[in-house]
Amino acid sequence: MKKKIDPNLLIAIGVLIASFSALFVYMRQASIMSRQTEILLEQTKANAWPRLSVNAHLNWSDKKLETLQVKIHNKGTGPAIIEGVRVLYDGKYVTHWQDLFLKTKIPDSISKSISNKSVNNSVMSANENFYWVQFINDPNLASWMYKNRQKITIEICYKSVFNDYWLLRKEGFDNDTIIQKLGTQECTIPSNEVFKT
């Protein structure tokens, strides 16, 4: 004699299969939505990505350097929040322009008059640029700084609005700029070595 299957058991098995199927679909949708959120966040970060550069502008007249200007430019798509600047001369940090002039042993006969702008704890919007320092009042000062340019290193630690950090490093005025992404690691310039203008 055949045993009859209880219809309630069939219904329970069907409900159990439907529940597991719904759970699998829900987990798959959650995984897809999580990946989509990551992609959207990366796209948003790309739209707010800062990229600083440091360049020297030279003005020559009759094979003599007349002016030297150091320009900072944010070539990125978002604001750059500058957390710290360090200037090194011959591998040793200096704390301000007069300290740099002292280390380069500028003769007393050369004027040390400069035009400069403060950079620390500032925000540069996308495509903003300015002259950080201008040696324009005395061609002898511009020539002296240019002659010593290979011993000067500029480092700028900056971040995006998403707290992603970068460290810009420029050795000499005419070498390539190196940018190292630090990720979420904070600024690596010690507070006692920050360059003050």
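Leu10 is exposed, with a relative accessible area of 52%, a value that sits just past the over-50% cut-off for that label. This residue belongs to helix H1, which covers residues 7–46. Keep in mind as you look around that this is a predicted model. To get a feel for where Leu10 lies, pick out Ser143: the two are 133 residues apart along the chain, and their C-alpha atoms are separated by 93 Å.

That distance fits with the overall outline. The C-alpha atoms of the protein chain fill a box of roughly 120 × 35 × 25 Å along the principal axes. Following the chain from the N terminus, you meet its elements in the order α-β-β-β-β-α-β-β-β-α-β-β-β, which comes to three helices and ten strands. The radius of gyration is 29 Å, well over the 16 Å that the globule rule gives for 197 residues, so the chain is more spread out than a compact globule.

A few more whole-chain values help here. Of the 197 residues, 37% count as buried. The accessible surface comes to about 12100 Å², and 55% of that belongs to carbon and sulfur atoms. Among contacts with a separation of 6 or more, 64% are made by residues 24 or more positions apart. As for charge, there are 25 positive and 18 negative ones, and their mean positions are 7 Å apart.

Now for the inside. Which residues have the most contacts within the largest nonpolar core? They are Leu52, Ile72, Trp97, Trp132, Phe135, Met145 and Ile156, in a core of 37 residues. Plenty of elements chip in: strands S1 (52–61), S2 (64–74), S3 (80–89), S7 (129–135), S8 (152–159) and S9 (165–171), along with helices H2 (97–103) and H3 (139–147), each supply at least two residues of this core. There is also a second, separate core of six residues, and Tyr165, Leu182, Ile189 and Val194 are among its members.

Leu52 is a good place to start poking around. Leaving out residues up to four places away in sequence, Leu52 touches Ile72, His73, Asn74, Ala80, Ile82, Met124, Ile156, Tyr158, Leu168 and Ile179. Further along, Val54 is in strand S1. Is Val54 buried or exposed? With a relative accessible area of 2%, Val54 is buried, since that label applies to anything under 20%. Its contacts, again setting aside neighbours within four places, are Val70, Lys71, Ile72, Ile154, Ile156, Leu168, Lys170 and Thr177. Ile72, Ile156 and Leu168 thus turn up in the contact list of Leu52 and in that of Val54. For a sense of scale, the C-alpha atoms of Val54 and Lys181 are separated by 16 Å, with their positions 127 residues apart along the chain.

Over in strand S9 you'll find Arg169. This residue is partly exposed, at 28% relative accessible area. Beyond its neighbours up to four places away in sequence, Arg169 touches Leu88, Thr153, Ile154, Glu155, Asp176, Thr177 and Ile178. Ser143 serves as a reference point once more: Arg169 is 26 residues from it in sequence and 23 Å from it in space, C-alpha to C-alpha.

Finally, have a look at two spots where the backbone does something less common. Most residues other than glycine have a negative phi. Asp62, which is not a glycine, has a positive phi of about 50°. Where does Asp62 sit? Its place is the loop between S1 and S2, and the residue is exposed, with a relative accessible area of 76%. Lys105 also has a positive phi, near 60°, without being a glycine. This lysine is in the loop between H2 and strand S5 (115–116). At 67% relative accessibility, Lys105 counts as exposed too.

How values were computed
Residues are numbered from 1 along each chain as its sequence is written. This is a predicted model: local features need pLDDT of at least 70, side-chain atom pairs count only at pLDDT 80 or more; totals for chains, interfaces and linings use all residues. Side-chain values use heavy atoms; hydrogens and water are left out. A nonpolar core is a set of buried Ala, Val, Leu, Ile, Met, Phe, Trp, Tyr and Cys residues joined through side-chain atoms within 4.5 Å. Buried means under 20% relative accessible area, exposed over 50%, partly exposed in between (1.4 Å probe, protein chains only). Helices (H or I, at least four residues) and strands (E, at least two) are DSSP runs, numbered from the N terminus. Contact means heavy atoms within 4.5 Å. The radius of gyration is taken over C-alpha atoms; the globule rule is 2.2 Å times the number of residues to the power 0.38. Accessible areas come from the Shrake-Rupley method with a 1.4 Å probe; for residues, only the protein chains shown count as cover. Lys and Arg count as positive and Asp and Glu as negative; His and the chain ends are not counted. The place of a charge is taken as NZ of Lys, CZ of Arg, CG of Asp or CD of Glu.
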